[in-house]
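This report covers the fold and the ligand surroundings of one protein chain. Please keep the sequence and the structure in view while reading.

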Amino acid sequence: MRWWHSVQALFKRPTPGFRLMNGADAAQAAALHAASFARGWTEVEMSRLITDPNVEANALVSQQQLAGFILSRIAADEAEVLTIAVDPGWRKQGLGRQLLSNHLARLAGRRVSALFLEVEDENKAARALYARSGFEQVGERQAYYARPDGTRGHALVLKRAID
Ligand SMILES: CC(C)(COP(=O)(O)OP(=O)(O)OC[C@H]1O[C@@H](n2cnc3c(N)ncnc32)[C@H](O)[C@@H]1OP(=O)(O)O)[C@@H](O)C(=O)NCCC(=O)NCCS
């Protein structure tokens, strides 16, 4: 059965590794963002954010392909998540948690003491991820998100202290 293990190894994707992003990631990040959100960002918009020195931009990468990425804007000792997305083919395998955990460590290294974000109350996957990663609700914004069907969704404001 050795041949069977060789065939399996051929198709097994290497576990994505964590690294800082750079401008060359903009096209893949824009594509992943568009696959994850109703309103996408252009490659130019993405490039501007990734290369902004006040934005911490981190990714999980497997075979030169982005499996997930996160961007947060830093202002003084606080930061706000601008976006986080995991490739649909890599979801529910713990990558979101791993990405966020590494990102928090990076922010701690930049002397950030609290990370904020907004999440739609009906986004079960994201809410589970943030609850498991130690975020707590500190606010709510009614009818904040415009959905593609014309209805509006509430945003929850979450915060995570960083030691
Ligand atoms: C939210 C997102 C980043 C999560 O990434 P992920 O790699 O699938 O997350 P993980 O596998 O690390 O899962 C984290 C937790 O969420 C749970 N979870 C993940 N997807 C879920 C789902 N669809 N429904 C319920 N729980 C879910 C997992 O079970 C896990 O909890 P556990 O540790 O108790 O088992 C991913 O679903 C995504 O990219 N969504 C589209 C973009 C988006 O909504 N971003 C957030 C905007 S605020």
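The text below goes through the sheet, the helices packed on it, the nonpolar core, the ligand shell and a few backbone details. The model is predicted.

**The sheet**

Seven strands form an open sheet with mixed pairing, in the order β1-β2-β3-β4-β5-β7-β6. The edges are taken by β1 (17–20) and β6 (136–146); each has a single partner strand, so one side of each is left without a neighbour in the sheet. On average, neighbouring strands of this sheet are turned by 25° against each other, direction ignored. As a general point, strands of a sheet pair through backbone hydrogen bonds, either parallel or antiparallel.

Three antiparallel pairs are listed here, each with one bridge as a landmark for finding the register in the structure.

| Strand pair | Bridges | One bridge pair |
|---|---|---|
| β2 (residues 55–62) and β3 (residues 65–75) | eight bridges | Asn58 and Ile70 |
| β5 (residues 114–120) and β7 (residues 152–161) | seven bridges | Glu118 and Val157 |
| β6 and β7 | seven bridges | Arg141 and Ala155 |

The hairpin of β6 and β7 has five residues between the strands, and within this hairpin Gly150 takes a positive phi near 95°.

**Helices across the sheet**

Helix α2 (residues 26–36) lies across β3 and β4 and runs at about 90° to β3. Helix α3 (residues 43–50) lies across β2, β3 and β4, and its angle to β2 is about 110°.

Ser36 belongs to helix α2. Is Ser36 buried or exposed? Ser36 has 16 other C-beta atoms within 10 Å, a count that makes it partly exposed, because a residue is buried only at 20 or more and exposed at 12 or fewer. Ser36 and Ala85 are 49 residues apart in sequence, yet their C-alpha atoms are 6.5 Å apart in space. Ala85 falls within β4 (78–86).

**The nonpolar core**

The largest nonpolar core has 32 residues. Ala29, Ile50, Phe69 and Ile70 have the most contacts inside this core. Ile50 lies in α3 (residues 43–50). Leaving aside residues up to four places away in sequence, Ile50 touches Met21, Asn22, Gly23, Asp25, Ala26, Ala29, Val55, Ala57 and Leu71. Ile70 is also the bridge partner of Asn58 in β3.

**The ligand shell**

The ligand is surrounded by 19 residues, and the closest are Arg91, Gly96, Arg97, Ala125 and Ala128. Two or more residues of the shell come from each of β4 (78–86), α4 (95–109) and α5 (124–132). Of these elements, α5 gives the largest share, six residues. Sorted by class, the shell has nine nonpolar, five polar and five charged residues.

**Positive phi outside glycine**

Two residues other than glycine also take positive phi values. Arg111 has a phi of about 65° and is found in the loop between α4 and β5. Arg111 counts as exposed, with 10 C-beta neighbours inside 10 Å. Ala143 has a phi near 50° and sits in strand β6, which is one of the edge strands. Ala143 likewise has 10 C-beta neighbours inside 10 Å and therefore counts as exposed.

Definitions and conventions:
Residues are numbered from 1 along each chain as its sequence is written. This is a predicted model: local features need pLDDT of at least 70, side-chain atom pairs count only at pLDDT 80 or more; totals for chains, interfaces and linings use all residues. A residue is near a molecule or strand if its C-beta atom, placed from the backbone, lies within 6 Å of it. Helices (H or I, at least four residues) and strands (E, at least two) are DSSP runs, numbered from the N terminus. Ala, Val, Leu, Ile, Met, Phe, Trp, Tyr, Cys and Pro count as nonpolar, Asp, Glu, Lys and Arg as charged, and the others, Gly among them, as polar. A nonpolar core is a set of buried Ala, Val, Leu, Ile, Met, Phe, Trp, Tyr and Cys residues joined through C-beta atoms within 7 Å. Two residues are in contact if their C-beta atoms, placed from the backbone, lie within 7 Å. Two strands pair if DSSP finds at least two bridges between them. Axes are lines fitted to C-alpha atoms, for helices over the stretch in contact, and angles run from 0 to 180 degrees between N-to-C directions.
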